[in-house]
Amino acid sequence: MRTEPGMTDAVLDLDGVLTTRDTFAALLTAAALRAPVAGARSAPELVRWLRAGHDVPRHAAASRDVARSLLRGMTEPQYEALAAAVGARLGAVAARRSMLEVAAGLRRAGAHVVVATGSEHRLAAAFLAAAGVEHDLLLASTLRWTPTGPEFDRHIRGEGKLSALREAGVDIERRRFWTDSFDDFPTAAAAASVVLVAPSRHSAARYRASGLDVELLGG
């Protein structure tokens, strides 16, 4: 039997929180290794992605460009197979064990658990299944297929993550939010409480400077 909303209910980020890796970057790397010509062709987009740094809108736009370039020509069944394989592998080798215990504890406490991530939905679902993360709802980015291949239909980054939660009816103002990144500041600012999981020095410094009260959890 679950508790009252807000007592233990949670929203968990995926990359950097439940994982120690960027799941979609791992998928794009796998795609580039399978098609070296596409990887070479995507060099300009990769440079823009790296140069975007911590600018969330620029970084998100550049990552969409990289994905469009590296996945060009890939059919939906081919993508599904790749996402399933990469997600399963990362679920086995790149899950953050301390957070798997947190997620399991939340479920034992009767919490309603939402995973909200900028990673792609099928990839994220494959990771969660392989890592054994029980959850009630997964909100993730989605792709659509064009004549030249997949591109992002919805990319849940920055303000987009908070919008996706609210559109799904998730009461973030009454939930504990677990994140590693300052990209998630809009969601963190709206949440009842925040746990910062193994953040980069940049993210930790930005949260400190923001004045938002956060709990720090190491790796």
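## Helix 11 and the nonpolar cores

The buried residues of helix 11 (201-210) pack against three elements: strand 5 (176-179), helix 10 (185-190) and strand 6 (193-197). Keep in mind that this is a predicted model. Here's a quick tour of that helix, then of the cores.

**Helix 11, side by side**
- Ser 203, Ala 204 and Tyr 207 are the buried residues to look at in helix 11.
- Those residues sit on the same side of helix 11 because they cover an arc of only 100° around the axis.
- Flip to the other side of helix 11 and you'll find Arg 201, Arg 208 and Ala 209, which are exposed.
- Right after helix 11 comes Gly 211, with a positive phi near 85°.

**Zooming in on Ser 203**
- Ser 203 belongs to helix 11, and its relative accessible area is 5%, so Ser 203 counts as buried.
- A polar atom of the Ser 203 side chain lies 3.1 Å from the backbone nitrogen of Phe 182.
- Leaving aside neighbours within four places in sequence, Ser 203 touches Asp 180, Ser 181 and Phe 182.

**The nonpolar cores**
- The largest nonpolar core counts 43 residues, and Leu 12, Leu 18, Phe 24, Leu 27, Tyr 79 and Trp 178 have the most contacts inside it.
- Helix 2 (residues 23-34) supplies the largest share of this core, with six residues.
- Apart from this core there's another one, of 18 residues, including Val 11, Ile 156, Phe 182 and Val 194.
- Not counting residues up to four places away in sequence, Leu 12 has contacts that include Leu 18, Met 99, Leu 106, Val 114 and Trp 178.

Conventions
Residues are numbered from 1 along each chain as its sequence is written. This is a predicted model: local features need pLDDT of at least 70, side-chain atom pairs count only at pLDDT 80 or more; totals for chains, interfaces and linings use all residues. Side-chain values use heavy atoms; hydrogens and water are left out. A nonpolar core is a set of buried Ala, Val, Leu, Ile, Met, Phe, Trp, Tyr and Cys residues joined through side-chain atoms within 4.5 Å. Buried means under 20% relative accessible area, exposed over 50%, partly exposed in between (1.4 Å probe, protein chains only). Helices (H or I, at least four residues) and strands (E, at least two) are DSSP runs, numbered from the N terminus. Contact means heavy atoms within 4.5 Å. The arc is that of the directions from the helix axis to the C-beta atoms. A polar contact is a pair of N or O atoms within 3.5 Å; within protein, one must be able to donate a hydrogen and the other to accept it, and residues adjacent in sequence count only if both atoms are side-chain atoms.
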